[in-house]
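Hello,

Here is the structure I promised to pass on to you. Have a look at it first, and then read on for what turned up.

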Amino acid sequence: MECTGGCHCGNLQVKLRLSKEPEQMAIRACTCSFCRAHAPRMISDPAGSFEISAADWTTVQHYRFGTRTCDFLLCGRCGVFIAALTDADAPSPRAVVNVNCLDERARFSGMPALHNFDGETAEARQARHSANWMPAILRRESEAA
Ligand SMILES: [Zn+2]
């Protein structure tokens, strides 16, 4: 099925293709310091896809911390956290997505399972991301173009 959503001010827009219904998706909560502050509900579907576009990419924040193995994409205008991507500049990035930014957020009714990835090496982390995260497409061209 297809889900759409985006940030609060409308600058960022996302489109997801999922291999399962939202009710069947496993919801994850991570214990990292970023996720404890934002309390997102994350999903990934390696058999699906994630697409993100922005009216103005210059207002999109790419936040990195810790092992710096991924980019946390936030709207710089309204502050909504959309998704985490393995290197956003890589040719085929992969993503986990915050379902709270989706129009059908209420249908993602699974209980968030808490994951603690502390102590994982950068290599193990990258291997896990490429196996479990979903293929991501970044539409860099602005809508005005
Ligand atoms: Zn916004």
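A word on terms before the metal site: donors are N, O and S atoms within 2.8 Å of the metal. Please keep in mind that this is a predicted model.

By that definition, the zinc ion is held by the SG atoms of C7, C9, C75 and C78, at 2.3 Å. Along the chain, these donors follow the spacing C-x1-C-x65-C-x2-C. The arrangement is tetrahedral, because the four donor atoms subtend angles of 105 to 118° around the zinc ion. For comparison, the ideal angle for four tetrahedral donors is 109.5 degrees. Two of the cysteines are worth a look for their accessibility: C7 counts as buried because its relative accessibility is 10%, while C9, at 34%, counts as partly exposed.

Next, the interior. The largest nonpolar core has 29 residues, and those touching the most other members are L16, I43, F50, I52, I82 and F108. Two or more residues each come from β2 (12–17), β5 (49–54), β7, β8, β9 and β11 (134–139). A second, separate core has eleven residues, including C32, F34, L74 and W133.

I82 also leads back to the metal site: beyond its neighbours within four places in sequence, its contacts include the zinc ligand C7, as well as F50, I52 and V97.

Finally, helix α2 (residues 122–132) has R125, R128 and H129 as its buried residues. They fall within an arc of 100° seen down the helix axis, so they line one face of α2. These buried residues pack against β7 (70–75), β8 (81–86) and β9 (94–98).

Enjoy exploring!

Key: Residues numbered from 1 in each chain as written. Predicted model: local features only at pLDDT ≥ 70, side-chain atom pairs only at ≥ 80, totals over all residues. Heavy atoms only, no water. Buried < 20%, exposed > 50% of the residue type's maximum accessible area, 1.4 Å probe, protein only. Helix = DSSP H or I, 4+ residues; strand = E, 2+ residues; numbered from the N terminus. Arc of directions from axis to C-beta. Contact = heavy atoms within 4.5 Å. Donors = N, O, S within 2.8 Å, 3.2 Å for Na, K, Ca; no water. Tetrahedral: all angles 85-135°; square planar, octahedral: opposite > 155°, others 65-115°. Core = buried A, V, L, I, M, F, W, Y, C linked by side-chain atoms within 4.5 Å.
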